[in-house]
Amino acid sequence: MQKELDYFTIEHSYGGNQDWFWDPMMKIGGCAALTACDSCIYLDCYKGMKGLYPFEKTAITKKDYQRFGMKMKPYLRPRRNGVDALDIYIDGFGRYLSDQGCSQVKMEAFPGTEKASRAKEALIAQIDSGLPLPCLVLKHKNPLFKDYVWHWFLLTGYDTAGESCMVKAVTYGEWQWLDMDELWDTGFEKKGGLILYHMDERQA
């Protein structure tokens, strides 16, 4: 079975792109902030969470996205070791949501120490509910994942048609299908993990 979320484009880019930023700190270490930015745009455009993205949504521009990234920067600021823990993301993005008056969206940490089977179950349940998942990878033993090392990005789809579970990873304005088992098995003790979004439909 294959399922992919609808997604937005920004001037032909599949979501936002960290390389657009003139601010060197955001360009180098702004992946957590940009993952939150893309989450906001998705939640605003597809889940009715009005006001999370403060600019025009019918034709999102690169310039407005750059402005939005700088607005998110204080909440998930780039730092020496990066936003290297799930709770830092939850705290920072949670403060942004609160400041926008959004109480419908809750977040749950799903640590990378969990079994891959449980991670796949969480992935499928989240996508089936129509929500993307922020993912954090720290170190990884497999050089095929070098572009995802010490990096936040979004997961927006899955494919279980074959023997493996493939996941659609979105970053730098592009998407790529990755093997979930291989992505999850980093080979290092210190791990990242997933952020699960939960929506309170009663408040929507």
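Good morning. I begin with the lining of the largest cavity, which by class has nine nonpolar, eight polar and one charged residues. Please keep in mind throughout that what we are viewing is a predicted model.

That cavity holds about 130 Å³ of space. Its lining comprises 18 residues, and those nearest the centre are Gly16, Leu34, Asp38, Thr171 and Tyr172. Which elements give two or more residues to this lining? They are helix α2 and the strands β6 (151-159) and β7 (166-171).

How many cavities of 30 Å³ or more does the structure hold? There are two. The second largest encloses about 70 Å³. Around it stand Gly112, Cys135, Leu136, Val137, Leu183, Trp184, Thr186, Lys191, Gly192 and Gly193. Two or more of these residues come from each of β5 (133-137) and α6 (180-184), and β5 makes the greatest contribution, with three. By class, this lining consists of five nonpolar residues, four polar residues and one charged residue.

I would like to pause at one member of that lining, Thr186. Thr186 sits in the loop that runs between α6 and β9 (193-199). Is Thr186 buried or exposed? The cut-off for a buried residue is under 20% relative accessible area, and Thr186 counts as buried because its value is 7%. Its side chain makes a polar contact, at 3.2 Å, with the side chain of Lys191, and Lys191 is also listed in the lining of the second largest cavity. Apart from neighbours within four places in sequence, Thr186 is in contact with Lys139, His140, Lys141 and Lys191.

From the cavities I turn to the largest pocket. Its space amounts to about 190 Å³. Fourteen residues line this pocket, and the closest to its centre are Ile28, Gly29, Arg79, Gly82 and Val83. The elements giving two or more residues to the lining are α1 (24-29) and α2 (31-47). Of the elements, α1 supplies the most, namely three residues. The lining divides into nine nonpolar, three polar and two charged residues. Helix α2, then, is named for the lining of this pocket and also for the lining of the largest cavity.

The next residue for our attention is Asp84. Asp84 belongs to the loop between α3 (62-72) and α4 (86-99). With a relative accessibility of 16%, Asp84 is classed as buried. What does the side chain of Asp84 contact through a polar contact? The partner is the side chain of Lys190, at 3.2 Å. Once neighbours within four places in sequence are set aside, the residues in contact with Asp84 are Leu136, Leu138, Trp150 and Lys190. Leu136 has already appeared in the lining of the second largest cavity. Between the C-alpha atoms of Asp84 and Trp152 the separation is 9.0 Å, although these two residues are 68 positions apart along the chain.

Trp152 leads us to the aromatic residues. The structure holds 17 aromatic pairs. One of them joins Trp20 and Tyr65 in an edge-to-face arrangement, with 5.6 Å from centre to centre and 90 degrees between the planes. Why does this pair tie together parts that are 45 residues apart in sequence? The reason is that Trp20 lies in the loop between β3 (13-14) and α1, while Tyr65 lies in helix α3. Both partners are buried: Trp20 has a relative accessible area of 16%, and Tyr65 has a relative accessibility of 0%.

Trp152 itself is part of an aromatic cluster, together with Tyr53, Phe55, Phe68, Tyr75, Tyr89, Phe93, Tyr96 and Tyr197.

I close with two residues of the backbone. Which sign does phi take at Glu11 and His12? Glu11 has a positive phi of about 50 degrees although it is not a glycine. His12, likewise not a glycine, has a positive phi of about 75 degrees. Glu11 is placed in the loop between β2 (9-10) and β3, and His12 is found in the loop between β2 and β3 as well. As for accessibility, Glu11 counts as partly exposed at 47%, whereas His12 counts as exposed at 82%.

Thank you for your attention.

Conventions:
Residues are numbered from 1 along each chain as its sequence is written. This is a predicted model: local features need pLDDT of at least 70, side-chain atom pairs count only at pLDDT 80 or more; totals for chains, interfaces and linings use all residues. Side-chain values use heavy atoms; hydrogens and water are left out. Helices (H or I, at least four residues) and strands (E, at least two) are DSSP runs, numbered from the N terminus. Buried means under 20% relative accessible area, exposed over 50%, partly exposed in between (1.4 Å probe, protein chains only). Contact means heavy atoms within 4.5 Å. A polar contact is a pair of N or O atoms within 3.5 Å; within protein, one must be able to donate a hydrogen and the other to accept it, and residues adjacent in sequence count only if both atoms are side-chain atoms. On a 1 Å grid over the protein atoms alone, a cavity is a set of points where a 1.4 Å probe fits but cannot get out, and a pocket is an open set with protein on both sides within 12 Å along at least five of seven lines; lining residues have an atom within 4 Å of a point. Grid points are joined across faces, edges and corners, and a volume is the space filled by probe spheres set on the points. Ala, Val, Leu, Ile, Met, Phe, Trp, Tyr, Cys and Pro count as nonpolar, Asp, Glu, Lys and Arg as charged, and the others, Gly among them, as polar. Rings of Phe, Tyr and Trp (its six-membered ring) pair if their centres lie within 6.5 Å; planes under 30 degrees apart count as stacked, over 60 as edge-to-face and the rest as tilted.
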